[in-house]
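This report covers the sheet, the helices that pack on it, and the salt bridges.

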Amino acid sequence: MDSDTTFRHMVNVLIRRHYPHAIVREASNQQDALRQIGCFSPCLILTEVDLSGRRCMDLPRKMLAIHPESVVVVLTSYDLPEYREALFQAGTHHFISKSLPSAPAILAIVGEELNASHPAPC
């Protein structure tokens, strides 16, 4: 199991433990994530991006094109100001560095979004 898969599973367990009523789906790649967004209309999208090649900088834009009401949270190990800026320009709502303890930030955002009123159920 690679580190991204392990991290994704850890986030899934964290959310389910603290918010058992939340529906959590996982995607193993960008294409699967975009397909699932189209099928399930999530209110919150947590996504990891590998910014080493900058090939995922437009991922939030693609996600929001499918479901504009979603809140996009990017989790990454690449915590550079230029990456943050590019991701925010692409529509990212929150940026969480995986190099810092991220569980409190993830739980705060999930809790905030689950308590917010959304046109589609979460």
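The model described here is predicted. S41 sits in the loop that joins α2 to β1. Although S41 is not a glycine, its phi is positive, at about 45 degrees. S41 counts as partly exposed, because its relative accessibility is 29%.

**The sheet**

Three strands make up an open sheet, ordered β1-β2-β3, and their pairing is parallel. At the edges are β1 (44-48) and β3 (94-97), each of which pairs on one side only. From one strand to the next the twist averages 20 degrees. In general, the strands of a sheet pair through backbone hydrogen bonds, in either a parallel or an antiparallel manner. Here, strand β2 (residues 71-76) pairs with β3 in the parallel sense, over four bridges. Across from V73 stands H94, a residue of β3.

**Helices on the sheet**

Helix α3 (residues 59-66) lies across β1 and β2 and runs at about 155 degrees to β2. Helix α5 also packs on the sheet, where it touches β1, β2 and β3. The direction of α5 makes about 155 degrees with that of β1.

Does the length of α5 agree or disagree with the span expected for a helix? Helix α5 covers residues 103-115, which is 13 residues, and at 1.5 Å a residue these should span 18 Å. The end C-alpha atoms of α5 are 18 Å apart, so the two values agree. Within α5, the buried residues are I106, L107, I109, V110, G111 and E113.

**L44, between strand and helix**

L44 belongs to strand β1. Is L44 buried or exposed? L44 has a relative accessible area of 17%, and the limit for buried is under 20%, so L44 is buried. Apart from its neighbours within four places in sequence, L44 is in contact with V71, V73, I109, V110 and E113. Of these contacts, I109, V110 and E113 are among the buried residues of α5. L44 and V72 are 28 residues apart along the chain, and their C-alpha atoms are separated by 6.1 Å.

**Salt bridges**

How many salt bridges does the structure hold? There are five. The table lists some of them, including the distance from N to O.

| Salt bridge | N to O distance |
|---|---|
| D32 and R35 | 2.7 Å |
| K62 and D58 | 3.8 Å |
| R84 and D79 | 2.7 Å |

D32 and R35 both lie in helix α2 (residues 30-40). They are three residues apart there, so about one helical turn separates them. D32 counts as buried because its relative accessibility is 17%, whereas R35, at 48%, counts as partly exposed.

In the bridge between K62 and D58, K62 has a relative accessibility of 33% and counts as partly exposed. D58 is also partly exposed, at 29%. For the bridge between R84 and D79, the relative accessibility of R84 is 27%, which places R84 among the partly exposed residues. D79 has a relative accessible area of 30% and is partly exposed.

Technical notes:
Residues numbered from 1 in each chain as written. Predicted model: local features only at pLDDT ≥ 70, side-chain atom pairs only at ≥ 80, totals over all residues. Heavy atoms only, no water. Helix = DSSP H or I, 4+ residues; strand = E, 2+ residues; numbered from the N terminus. Expected span 1.5 Å × (residues − 1). Buried < 20%, exposed > 50% of the residue type's maximum accessible area, 1.4 Å probe, protein only. Salt bridge = Lys/Arg side-chain N within 4 Å of Asp/Glu carboxyl O. Pairing = 2+ DSSP bridges. Axes fitted to C-alpha atoms, helices over the stretch in contact; angles between N-to-C directions. Contact = heavy atoms within 4.5 Å.
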